[in-house]
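Hello,

Here is the structure I promised to pass on to you. Have a look at it first, and my notes follow underneath.

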Amino acid sequence: MDLSTSAERPTTVPVRGGPARPGGPASRLRVYLRLAKASFLLDYYLSVAVVLTALVPHSPITGAVLLTVVLFMLGQLGVVSAVMSFDDVNGFLDGSDRANYVGADGEPLRPLERKPLLTGALTLRQATRFGFLALAWGVALWSITAAQAVHRPWWALAVTGLVLATSWQYSYGLKLSYRGWGELLIAGCPTAIVAAPYGYLSGHLPSLVLVEALLFGLWQILVSAYSNTKDIDGDGAVGRSTVAVRTSERGNLRFIGALTALDLLLICGPAAVGWTPWWTAPVLLPVIALRLRQFTTFRRGGDALLARRRGVVAFRTGVACLVLVNLIQLAR
């Protein structure tokens, strides 16, 4: 059933140069990939490199290991696609996407191809159906992953179940991001996709992998926090309760500064007390430099989208550094 009547349906933004809705299967696939934010999905899949390089010193990469990894990755594809799809569905319904992507004069503020509901490339019914199908796919594949895994520690099962129960309700269902839980979900779910598969593969969670999982999640919120800063007006108008909406400009800057400081603490602190190898902090020095640049330039200039882009660079650089930490551990 469609989620709005024709009288209440939000308006789409016309796309110049041709019909809004593609006709061929390849074009349709591209539209669904944009709905699922496929480019963002690729960053999430970098978790696999962290997990496998952390595993190698303790366990060989066997066929069973690869099967577990592939099944988890396929399930992750469904879960993250569902989260992104439902976020667009709700953003279209409450008008926040239009407010954040289209100016008062009707000119795009950001690339509109990211939002196929806004352009009319997909209908509300199609996007909602895709979200539920993607979620069902994720539930099925993660259930199979757990069933066939050699190890099934209770905490890995609990973490997986929690992500399945809450992630898709970021904007939809319980709308947890409207209740002040958004930042926790944005950091927690990426943390889980490092910790849980490692648990299925090894049965335990060493301190190094725990720190790497926490960094993986923290680096995601250090992208999203700047996006939320840019979206204050649109999010506030529809009641999405981000930290940027709830607090003042100075309070939001302090929040982002605290996240930045926590990043530096997670990099240096565990290495200082022996929870991670001593070389972890030196290897992650590029991340420290990028993170400080991201925050200091934002504090001076206030360009949230520039800071967001720099956050993405810092995230990808950080993942490469974590892989290098694990490879050094392997070589010793």
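**What I found**

Let me begin in the loop between H8 and H9, which is where Lys-175 sits. Please keep in mind throughout that this is a predicted model. The phi angle of Lys-175 is near 50°, a positive value in a residue that is not glycine. Lys-175 has a relative accessible area of 34%, so it is partly exposed.

Ser-177 belongs to the loop between H8 and H9 as well. Is Ser-177 buried or exposed? Its relative accessibility is 1%, so Ser-177 counts as buried. Setting aside neighbours within four places in sequence, Ser-177 is in contact with Tyr-170, Ser-171 and Gly-182, and also with Arg-240, Ser-241 and Thr-242.

A positive phi turns up at Lys-37 too, near 55°, again in a residue other than glycine. Lys-37 lies in the loop between H1 and H2, and at 16% relative accessibility it counts as buried.

**The pockets**

Lys-37 also brings us to the largest pocket, since it is listed with Phe-40, Met-84, Ser-227 and Arg-308 as the residues of the lining nearest the centre. The lining has 47 residues in total, and the pocket holds about 1300 Å³ of space. Which helices supply at least two residues each to this lining? They are H1 (25-35), H2 (38-45), H4 (63-94), H5 (96-101), H9 (182-202), H10 (207-230) and H16 (304-331). The largest share comes from H4, with 7 residues. By character, the lining of the largest pocket divides into 22 nonpolar, 15 charged and 10 polar residues.

The second largest pocket has a volume of about 320 Å³. Its lining is made of 18 residues, and nearest the centre are Leu-162, Val-163, Gly-188, Cys-189 and Ala-192. Helix H8 (154-166), H9 and H10 are the elements that give two or more residues to this lining, and H9 has the largest share, 7 residues. What is the make-up of the lining of the second largest pocket? There are 15 nonpolar residues and 3 polar ones, with no charged residue.

**One cavity**

I also have a closed space to report: a search of the whole structure finds 1 cavity of 30 Å³ or more. About 60 Å³ of space lies in it. The lining consists of Ser-47, Val-48, Val-51, Val-69, Phe-72, Met-73, Gln-76, Ile-193 and Pro-197. Helix H3 (47-55), H4 and H9 each supply at least two of these residues, and H4 gives the most, with 4. Sorted by character, the cavity lining has 7 nonpolar and 2 polar residues, and no charged ones.

**The nonpolar cores**

The largest nonpolar core has 68 residues. Those with the most contacts inside it are Trp-142, Leu-215, Trp-219, Ile-267 and Leu-284. If you want one residue to start from, try Trp-219: beyond the residues up to four places away in sequence, it touches Asp-263, Leu-284, Val-287, Arg-291, Phe-315, Gly-318, Val-319 and Leu-322. There is also a second, separate core of 20 residues, with Leu-35, Phe-92, Ala-121 and Tyr-172 among them.

**Cysteines**

How many disulfides does the model contain? The count comes to 0. Why does Cys-268 not form one? The closest cysteine sulfur to that of Cys-268 is in Cys-321, 13 Å away, which is too far for a bond; the cut-off for a disulfide is a pair of sulfur atoms within 2.5 Å. Cys-268 is partly exposed, with a relative accessible area of 35%. Cys-189, by contrast, is buried, at 12% relative accessible area.

**One more serine**

Finally, a residue out at the surface: Ser-39 is placed in helix H2, and its relative accessible area is 54%, so it is exposed. The C-alpha atoms of Ser-39 and Leu-264 are separated by 27 Å, and the two residues are 225 residues apart along the chain.

Happy to talk any of this through whenever it suits you.

Best wishes

Note on methods
Residues numbered from 1 in each chain as written. Predicted model: local features only at pLDDT ≥ 70, side-chain atom pairs only at ≥ 80, totals over all residues. Heavy atoms only, no water. Core = buried A, V, L, I, M, F, W, Y, C linked by side-chain atoms within 4.5 Å. Buried < 20%, exposed > 50% of the residue type's maximum accessible area, 1.4 Å probe, protein only. Contact = heavy atoms within 4.5 Å. 1 Å grid on protein atoms, 1.4 Å probe; cavity = no way out; pocket = protein on both sides within 12 Å on 5 of 7 lines; lining within 4 Å. Points joined across faces, edges and corners; volume = space filled by probe spheres on them. Nonpolar A, V, L, I, M, F, W, Y, C, P; charged D, E, K, R; others polar.
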